[in-house]
Amino acid sequence: MSKDVKYPEIEVQLTGEDGNAFFILCRVSGALRRGGVSKEEIAQFNTEAQSGDYDNLLRVCMAWVTTH
């Protein structure tokens, strides 16, 4: 687990899954919700994740949760 990850205790499997941007966004948002993250924080995640291209989405996901 990286100390640079905002919520390293929340783990999300992305490899071997659907690579669709909306699928990834929903999967990570759901994991944040299940992990007890506030609605405001999840809204911030969604804003950051959607503020750029596909590579930005992946970078933001990896900055917020532990991805596999």
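This report follows one helix, a group of aromatic rings and the nonpolar core in a predicted model.

**Helix α1 and its surroundings**

Helix α1 runs over residues 21–34, and its length can be checked with simple reasoning: at 1.5 Å a residue, its 14 residues should span 20 Å, and because the C-alpha atoms at its two ends are 20 Å apart, the expectation and the model agree. At the start of the helix, a side-chain oxygen of Asn 20 comes to within 2.7 Å of the backbone nitrogen of Phe 22. Just after the helix, Gly 36 takes a positive phi of about 85 degrees.

The buried residues of α1 are Ile 24, Leu 25, Val 28, Ser 29, Gly 30, Ala 31 and Leu 32. The parts that cover these buried residues include strand β1 (7–12), helix α2 (39–49), helix α3 (54–64) and strand β2 (65–67).

**Ser 29, a polar residue in the helix**

Is Ser 29 buried or exposed? Its relative accessible area is 11%, and since a residue under 20% counts as buried, Ser 29 is buried. This residue has its place in helix α1, and its side chain reaches the backbone oxygen of Leu 25 at 2.9 Å. In addition, a polar contact of 3.0 Å joins the side chain of Ser 29 to that of Asn 46. When residues up to four places away in sequence are not counted, Ser 29 touches Ile 42, Phe 45 and Asn 46.

**The aromatic rings**

The structure holds two aromatic pairs, which are set side by side in the table.

| Pair | Centre to centre | Angle between planes | Arrangement |
|---|---|---|---|
| Tyr 7 and Trp 64 | 6.1 Å | 40 degrees | tilted |
| Phe 45 and Trp 64 | 5.5 Å | 65 degrees | edge-to-face |

Which parts of the chain do these pairs tie together? Tyr 7 lies in strand β1 and Trp 64 in helix α3, so their pair ties together parts that are 57 residues apart in sequence. Phe 45 lies in helix α2, so its pair with Trp 64 in helix α3 ties together parts that are 19 residues apart in sequence. Through these ring pairs, Tyr 7, Phe 45 and Trp 64 are linked into a cluster.

Both Tyr 7 and Trp 64 are buried. For Trp 64 the relative accessibility is 2%, which is why this residue counts as buried, and Phe 45 counts as buried because its relative accessibility is 0%. Trp 64 also has a charged neighbour, for Lys 6 lies over the face of its ring, at 4.1 Å from the ring centre.

**The nonpolar core**

The largest nonpolar core has 18 residues, and those with the most contacts inside it are Ile 10, Val 28, Leu 32, Phe 45, Trp 64 and Val 65. The elements β1, α1, α2 and α3 each give two or more residues to this core, and α1 gives the most, with five residues. Two of the names in this group, Phe 45 and Trp 64, have already appeared as partners in an edge-to-face aromatic pair.

What is Val 65 in contact with, leaving aside its neighbours within four places in sequence? Val 65 is in contact with Val 5, Tyr 7, Ile 10, Val 12, Val 28 and Leu 32. Among these partners, Val 28 and Leu 32 are buried residues of α1, while Tyr 7 lies in strand β1 and belongs to the tilted pair with Trp 64.

Notes
Residues are numbered from 1 along each chain as its sequence is written. This is a predicted model: local features need pLDDT of at least 70, side-chain atom pairs count only at pLDDT 80 or more; totals for chains, interfaces and linings use all residues. Side-chain values use heavy atoms; hydrogens and water are left out. Helices (H or I, at least four residues) and strands (E, at least two) are DSSP runs, numbered from the N terminus. The expected span of a helix is 1.5 Å times one less than its number of residues. Buried means under 20% relative accessible area, exposed over 50%, partly exposed in between (1.4 Å probe, protein chains only). Contact means heavy atoms within 4.5 Å. A polar contact is a pair of N or O atoms within 3.5 Å; within protein, one must be able to donate a hydrogen and the other to accept it, and residues adjacent in sequence count only if both atoms are side-chain atoms. Rings of Phe, Tyr and Trp (its six-membered ring) pair if their centres lie within 6.5 Å; planes under 30 degrees apart count as stacked, over 60 as edge-to-face and the rest as tilted. A charge sits over a ring if NZ of Lys or CZ of Arg is within 6 Å of the ring centre and within 35 degrees of the ring normal. A nonpolar core is a set of buried Ala, Val, Leu, Ile, Met, Phe, Trp, Tyr and Cys residues joined through side-chain atoms within 4.5 Å.
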